[in-house]
Amino acid sequence: MKGEILDMENELPKTKIDEKTGIEYHLDGDYYIPNLTIPKQEKIILNKYGRMRLNYLKEHTKADYTIMSINGTLNTHLKEIQEAAQTRVEQIIRQLKGKIDLTEDIKNTDVLYWVGTMNEIKNQAEEIVFNELIYI
């Protein structure tokens, strides 16, 4: 009976809040476990540029990747980057096509030349975008 009274007096509270950090803990067995959750993020489908940015963050700027993951801003960041990259690539392609006067008439008369030139233009545009938006 004396042991039962002692246990009731020393029973730990089910939850507690650390006054310094403001983190709430719950009792799990003999240990307090922090009640930490990652905020819900918008679900997005990543295109080529979004995946490249994600891989760059994971491999080269791990701190930024971790901070954005914890804050719940990673998907928003990736969505913004991929949209900006897609728009910028299309804009650069239009500019480069205009500079060398690559028209639909050329496409109809010399398909291989047109395809090769378009591939070169697209590669140039993507290289610019990689340096401007993806690998920074």
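These are numbered notes on a predicted model, from its confidence to its core, helix packing and two single residues.

1. **Confidence.** The model is predicted. Its chain averages a pLDDT of 89, and 91% of the residues score at least 70. Among the elements, helix 2 has the highest mean pLDDT, 97. Helix 1 (residues 2–9) has the lowest, 49. Residues 1–6 fall below 50, and this stretch has 0 contacts in the model beyond near neighbours in sequence. I would leave the placement of this stretch out of the discussion.

2. **Main core.** The largest nonpolar core has 16 residues. Those with the most contacts inside it are Tyr-49, Ala-85, Val-89, Ile-93, Met-118, Val-129 and Ile-134. Three elements give two or more residues to this core: helix 2 (48–60), helix 4 (74–99) and helix 6 (111–134). Helix 6 provides the largest share, 8 residues. In soluble globular proteins, nonpolar side chains tend to be buried together.

3. **Ile-93.** This residue is among those with the most contacts inside the largest core. Which residues does Ile-93 contact, leaving aside its neighbours within four places in sequence? They are Met-118, Ile-121, Lys-122 and Ala-125.

4. **Second core.** Apart from the largest core lies another, of 5 residues. Leu-54, Leu-57, Met-68 and Leu-78 are among them. Leu-54 and Leu-57 of helix 2, and Met-68 of helix 3, also take part in the meeting of those two helices.

5. **Helix 4 against helix 6.** The two axes come within 9 Å and cross at roughly 140°. Angles over 145 degrees count as roughly antiparallel, so this pair is classed as oblique. The crossing is right-handed. On the helix 4 side, the residues are Ile-81, Ala-84, Ala-85, Arg-88, Val-89, Ile-92, Ile-93, Leu-96 and Lys-97. Helix 6 meets them with residues including Met-118, Ile-121, Ala-125, Ile-128, Val-129, Leu-133 and Ile-134. Charged residues of helix 6 take part too, including Lys-122, Glu-126 and Glu-132.

6. **Helix 2 against helix 6.** Here the axes come within 11 Å and cross at roughly 45°. The two helices are therefore oblique to each other. Helix 2 passes helix 6 in a right-handed crossing. Lys-48, Tyr-49, Met-52, Arg-53 and Tyr-56 make the contact from helix 2. Glu-126, Phe-130, Leu-133 and Ile-134 make it from helix 6. Glu-126, Leu-133 and Ile-134 also appear in the meeting with helix 4.

7. **Helix 2 against helix 3.** The axes of helix 2 and helix 3 (residues 62–71) come within 5 Å and cross at roughly 115°. These helices are therefore roughly perpendicular to each other. Leu-54, Leu-57, Lys-58, Glu-59 and His-60 in helix 2 meet Lys-62, Asp-64, Tyr-65 and Met-68 in helix 3.

8. **Trp-114.** Is Trp-114 buried or exposed? At 13% relative accessibility, Trp-114 counts as buried. The residue sits in helix 6. Leaving aside neighbours within four places in sequence, Trp-114 is in contact with Leu-102, Thr-103, Glu-104, Ile-106 and Lys-107. Lys-43 is 71 residues away in sequence and 38 Å away in space, C-alpha to C-alpha.

9. **Asp-101.** Most residues other than glycine have a negative phi. Phi of Asp-101 is near 55°, a positive value. This residue is found in the loop between helix 4 and helix 5 (104–109). At 52% relative accessibility, Asp-101 counts as exposed.

How values were computed. Residues numbered from 1 in each chain as written. Predicted model: local features only at pLDDT ≥ 70, side-chain atom pairs only at ≥ 80, totals over all residues. Heavy atoms only, no water. Core = buried A, V, L, I, M, F, W, Y, C linked by side-chain atoms within 4.5 Å. Buried < 20%, exposed > 50% of the residue type's maximum accessible area, 1.4 Å probe, protein only. Helix = DSSP H or I, 4+ residues; strand = E, 2+ residues; numbered from the N terminus. Contact = heavy atoms within 4.5 Å. pLDDT = per-residue confidence, 0-100. Axes fitted to C-alpha atoms, helices over the stretch in contact; angles between N-to-C directions. Parallel < 35°, antiparallel > 145°, perpendicular 65-115°, else oblique. Left-handed = near helix turned anticlockwise from the far one by under 90°.
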